[in-house]
Amino acid sequence: MSFSADDFEFMARALRLAERGLYTTTPNPRVGCVLVRDGRIVGEGWHERAGGDHAEAAALKVAGAAAAGATVYVSLEPCAHHGRTPPCTDALIAARVGRVVAAMQDPNPQVSGSGIAKLRAAGIVAEAGVLENEARELNIGFVSRMMRVRPWMRVKIAASLDGKTALRNGVSQWVTGPDARRDGHRWRARSCAVMTGIGTLKDDDPRLSVREVETSRQPLRIVVDSRLRITPEAKLFDGGAVLVATATHDAAKARELEAKGAAIVVLPNPEGKVDLLRLARHLAGLGLNEVLVEAGMNLDSALLRAGVVDELLMYLAPHMLGDAGRGMLDLGDLTQMNQRLELDIRDTRLFGADLRVLARLGKT
């Protein structure tokens, strides 16, 4: 299957439109759509939020009668099932479009090729595969939830250049500068949830809210607290939804936290800690696509051992905190070089004086 330069150009536009929903579409994917007729864009749109128009419907409204015979560029295969909104395939067929080009097939088992098949059955040329990698990256959390039944988990770490996240006494504000912290808020804004551990909660009492960038939605705040030591006075209860994951059955404490608006989930493992793999699956069941972890070495390392970490978002500041400082990750006592944690660095850039490194686990 071959695609033209125009196909790539208009799909790139569809992806840029999809990015406009970066902070708002959860639990739905970010999708953009462009309608082109005689080489000219006659309609475009993007999915803004769950329950609202899908990108195809938004673009068809703009195009009106000009949609007939048009080529449709959409960053994700059109849906063929009834959800909160009618199937996009039906709308495209009714509009009598001539061709549909999708960046990628929908990983949702309810769609997964059926949208393209339905369009073809109606006599519409339908293809997929233009800028597929870019489309997948934009919706990597949605893909993870659909195909692996767990969210894409991104661990954020702020550290000195010698790999220390705090002083020995736990003081960590501020390891990095304001530009790096502002970028961290952008990652919070795009995430469905922000997770921390009880240790970080007791040391820093964070709000875990998005403050440095404009957003109409706050992520769910998640606390991993095996022994249910969290207090109702914690700042993260000041507005927004909170989920406390614990291994302890304590009805009185649970009622106290629920009175503050928290939801409690009890997921013990045989060691009396929170079962982190079960937690990840529970979060997928809640419709969470991307989870940003902002915790300390203990929870970060436990998540790593549980096999649920996908990506490290590391901000490295140009200073040293010395050997006595707290480290980034506990990888155990490695005795062979082949035991090291392999990373695939995907992006590096400066924010102020701090270097941001985005890396995935394992070589690709």
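1. Helices, of at least four residues, and strands, of at least two, are DSSP runs that are numbered from the N terminus. With these labels, Glu212 can be placed in the loop between helix H8 (198–204) and strand E9 (220–224). The model discussed in this note is a predicted one. Because partly exposed is the class between 20% and 50% relative accessible area, Glu212, at 43% relative accessibility, counts as partly exposed. Between the C-alpha atoms of Glu212 and Ile222, which are 10 residues apart along the chain, the separation is 20 Å.

2. A second loop residue can be read in a similar way. Asp38 sits in the loop that joins strand E1 (32–37) and strand E2 (40–46), and its relative accessible area of 77% makes it exposed, because the exposed class begins over 50%. Asp38 and Ala70 are 32 residues apart in sequence, while from C-alpha to C-alpha they are 7.8 Å apart in space.

3. On the surface, Leu331, Leu334 and Leu341 make a nonpolar patch of about 210 Å². One of these residues, Leu334, belongs to the loop between strand E14 (326–327) and strand E15 (343–351), and it is partly exposed, with a relative accessible area of 36%.

4. Salt bridges deserve a careful look. Side chains of opposite charge can pair when their charged atoms come close. The count for this model comes to 27 salt bridges, and among them is the one in which the side chains of Lys61 and Asp53 meet at 2.6 Å, N to O. Lys61 is exposed, with a relative accessible area of 61%, whereas Asp53, at 34% relative accessibility, counts as partly exposed.

5. Which parts of the chain does the salt bridge between Asp90 and Lys118 tie together? The side chains of these residues meet at 2.6 Å, N to O. Asp90 lies in helix H3 (residues 88–94) and Lys118 in helix H4 (residues 114–121), so the pair ties together parts that are 28 residues apart in sequence. Asp90 is partly exposed, with a relative accessible area of 32%, and Lys118 counts as partly exposed at 32% relative accessibility.

6. Another pair lies within a single helix. Arg182 forms a salt bridge with Asp179, and the closest N and O atoms of the pair are 3.1 Å apart. Because Arg182 and Asp179 are 3 residues apart in helix H7 (residues 178–190), about one helical turn separates them. Arg182 is partly exposed, with a relative accessible area of 30%, and Asp179 is partly exposed as well, with a relative accessible area of 34%.

7. Salt bridges also link residues into a network, which is made up of Arg30, Glu137, Arg154, Arg190, Glu290, Glu311, Asp344, Arg346 and Arg360. Arg30 and Glu290, both named in this network, return in the next point.

8. Finally, the interior can be considered. Rolling a probe the size of a water molecule over the atoms shows where empty space is left. The count comes to 1 cavity of 30 Å³ or more, and the largest cavity has a volume of about 70 Å³. Of the 13 residues that line the largest cavity, the closest to its centre are Asn28, Arg30, Asn139, Asn289 and Glu290. Sorted by class, the lining of the largest cavity has 4 nonpolar, 6 polar and 3 charged residues.

Notes: Residues are numbered from 1 along each chain as its sequence is written. This is a predicted model: local features need pLDDT of at least 70, side-chain atom pairs count only at pLDDT 80 or more; totals for chains, interfaces and linings use all residues. Side-chain values use heavy atoms; hydrogens and water are left out. On a 1 Å grid over the protein atoms alone, a cavity is a set of points where a 1.4 Å probe fits but cannot get out, and a pocket is an open set with protein on both sides within 12 Å along at least five of seven lines; lining residues have an atom within 4 Å of a point. Grid points are joined across faces, edges and corners, and a volume is the space filled by probe spheres set on the points. Ala, Val, Leu, Ile, Met, Phe, Trp, Tyr, Cys and Pro count as nonpolar, Asp, Glu, Lys and Arg as charged, and the others, Gly among them, as polar. Patches are made of residues with over 30% relative accessible area and no salt bridge: like charges are joined within 9 Å, nonpolar side chains (Val, Leu, Ile, Met, Phe, Trp, Tyr) within 5 Å. Accessible areas come from the Shrake-Rupley method with a 1.4 Å probe; for residues, only the protein chains shown count as cover. A salt bridge is a side-chain nitrogen of Lys or Arg within 4 Å of a carboxyl oxygen of Asp or Glu. Buried means under 20% relative accessible area, exposed over 50%, partly exposed in between (1.4 Å probe, protein chains only).
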